[in-house]
Amino acid sequence: MNRSETSTTQYDVLVVGAGPGGLAAAKGAREAGAERVLLVERDSRAGGILNQCIHDGFGIVRYRQQLTGPEYALKAEAELADMGIELLTGCHVLRIDAQEHVHVVTVVSADGLKHIETGTVILATGCRERTRGAIAIPGSRPAGVFTAGVTQNLVNVRNVMPGKRVVIFGSGDVGMIMARRLTLEGAHVEAVVEIFPQPAGLSRNVSQCLYDYDIPIFCSHTISNIIGKKRLEAVEISALDQDMQPVSGTERLIECDTLVLSVGLIPENEVAQTAGVALDAKTNGVITDEHLQTSICGIFACGNARRIMDLADFVSEQGEMAGRNAVAYLRGAEMDTWDEARTSSMAKGFPEEGVVTCTLCPTGCQVRFNEETGEYEGNKCKRGAQFAEQERTAPKRILTTTVKLADGRLLPVRSAFPVSKQKLPQLVRQTSEITVSPPVKCGETVTTLQDGEREVAVVAAAEM
Ligand SMILES: Cc1cc2nc3c(=O)[nH]c(=O)nc-3n(C[C@H](O)[C@H](O)[C@H](O)COP(=O)(O)OP(=O)(O)OC[C@H]3O[C@@H](n4cnc5c(N)ncnc54)[C@H](O)[C@@H]3O)c2cc1C
Ligand code: SF4
């Protein structure tokens, strides 16, 4: 043991990762009666991937509100206040040595290396992105090829635009959300290319991220070549046959300086591997039983580390259960059972012609106007008819973007209420010209704009 090593602390529950899964797991464990709960996060703040997801669409199940990612993270973190949970940020879990009654977790931070003893561990380490190497696209290796998550981090956190003319490969929700974000920030998104016959993400994102901005989508197509020496100059796309093979003669060149890969997420499980827990060979997710316990007694898993999940709300719900079950394990009590069907029922793929996906709750009703009866159909409650009527006549969206802080950081902001869809690009441009002096509290008005109908308060969506 060298000078910077210390030992040994004792916890009931140690949670690895403070995204929505980990935050909820710590809360669940404490509420179930665990006295000593430690939450370890390698980033400088809690919140996980949500900190860079500045769009709205979070929290409709858990908080009955349309929140942005940073607002959801802040709310989840605030729930832990005064609960006596220790949060260590800037602290990386390196390994877990699983033993019969106690697990030893090795962490490293600016304070050096520590070995921490704990009765149970909850793995909430999230996921990482598939890269170009993982999908083997032919062609040269110029600059200008990014993954969607890296692009999101550059634009929403680091204030760096990756390029001006963009092609997106993959039509999952992350890819489509980035197509809209890049467009609103002034880039031209030439196309989204998808290997399957239908978009992979939610119908609402096809309509609100692609159709709203006239971004073409090429389904049953692949990127068959990457062209460029130093910087990307173009991509070649080709149609795919039923065996997913490029069809000769269908090649088409799209000039662009940036290719964004949104080709899937993989559970991040290096730490789980050090403990020796069983992983799914196909997905890399931690295998658990119905109580969220891994192949090693006393080690639990939740969120994207276990299985990629669409909605943060269900990740939080699952995290809470993992926390409760860890405590039940310590006491030899009965554990709760996770219902694998707990997931969003929102429609995926191309939206049906004339159908509006109601986005007011995760049921995602497909609402259609019946010309003969003059009534809306398909909505399970009245709010759906009102939503569809507004979509048909004067669609509105929540403005979500960033403003510069005087110290150079970016502050996520949102409009206090939905604004005219047509005015959105102009409002984003106006917002980007503002500089705000920190400190700023979440919910504080940073500026007021005009959307043509009324004044729009733009409020901080994070605390900085
Ligand atoms: C681009 C994008 C858009 C999305 N949009 C929506 C949406 O609109 N609505 C919605 O509900 N959901 C959305 N989701 C899904 C949702 O955000 C995720 O499912 C959820 O955040 C996953 O939570 P998690 O806690 O499992 O993982 P994460 O949020 O990834 O958190 C994992 C945490 O673990 C930490 N960690 C990992 N390894 C270690 C280690 N060794 N030591 C210490 N810390 C570690 C990481 O730093 C991270 O903070 C979106 C996801 C993405 C990527
Ligand atoms: S119509 Fe009602 S139940 Fe259906 S998605 Fe909208 S708010 Fe939810």
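**Exercise 1. Which residue in β22 is the bridge partner of Asn370?**

Solution. The model is a predicted one, in which local features need pLDDT of at least 70 and side-chain atom pairs count only at pLDDT 80 or more, while totals for chains, interfaces and linings use all residues. Residues are numbered from 1 along each chain as its sequence is written, and chains are lettered from A and ligands numbered from 1 in the order in which they are written.

Step 1. Helices (H or I, at least four residues) and strands (E, at least two) are DSSP runs, numbered from the N terminus. Two strands pair if DSSP finds at least two bridges between them.

Step 2. Strand β21 (residues 366-370) runs antiparallel to β22, and three bridges join them.

Step 3. The bridge partner of Asn370 in β22 is Glu375.

**Exercise 2. Place β20, β21 and β22 in their sheet, and state which helix packs on the sheet.**

Solution. Step 1. The three strands form an open sheet in the order β20-β21-β22, with antiparallel pairing.

Step 2. Because β20 (355-357) and β22 (375-377) each have a single partner strand, they stand at the edges, and one side of each is left without a neighbour in the sheet.

Step 3. From one strand to the next, the twist averages 30 degrees.

Step 4. Helix α9 (residues 382-393) packs on the sheet and touches β20, β21 and β22 (contact: C-beta atoms, placed from the backbone, within 7 Å). The direction of α9 makes about 70 degrees with that of β21; axes are lines fitted to C-alpha atoms, for helices over the stretch in contact, and angles run from 0 to 180 degrees between N-to-C directions.

**Exercise 3. Describe the parallel sheet and the helix pair α4 and α5.**

Solution. Step 1. An open sheet of five strands has the order β10-β17-β11-β12-β13, with parallel pairing. At its edges are β10 (145-147) and β13 (217-218), each pairing on one side only.

Step 2. Two bridges link β12 (residues 188-193) to β13 in the parallel sense; Val193 has Phe218 of β13 as its bridge partner.

Step 3. Helix α4 lies across β10 and β17 (258-261), at about 90 degrees to β10.

Step 4. Helices α4 (residues 148-156) and α5 (residues 173-184) pack at an angle of about 35 degrees, their axes 10 Å apart. The crossing of α4 and α5 is left-handed (near helix turned anticlockwise from the far one by less than a right angle; right-handed if clockwise).

Step 5. The contact involves Ala148, Gly149, Thr151, Gln152 and Val155 of α4, and Val174, Gly175, Met178, Arg181 and Leu182 of α5.

**Exercise 4. Why does ligand 1 lie between domain 1 and domain 2?**

Solution. Step 1. The domain assignment, automatic or from a database, gives domain 1 (11-128 + 266-331), domain 2 (131-263), domain 3 (355-393) and domain 4 (400-460).

Step 2. Ligand 1 is surrounded by 39 residues (C-beta atom, placed from the backbone, within 6 Å), the closest being Gly17, Gly19, Gly48, Gly126 and Gly303.

Step 3. At least two residues of this shell come from each of α1, β3 (56-58), β6 (92-98), α4, α5 and α8.

Step 4. Domain 1 and domain 2 both give residues to the shell, so ligand 1 lies between them.

**Exercise 5. Which residues surround ligand 2?**

Solution. The shell around ligand 2 comprises Cys358, Leu360, Cys361, Thr363, Gly364, Cys365, Asn379, Lys380, Cys381, Arg383 and Gly384.

How values were computed:
Two residues are in contact if their C-beta atoms, placed from the backbone, lie within 7 Å.
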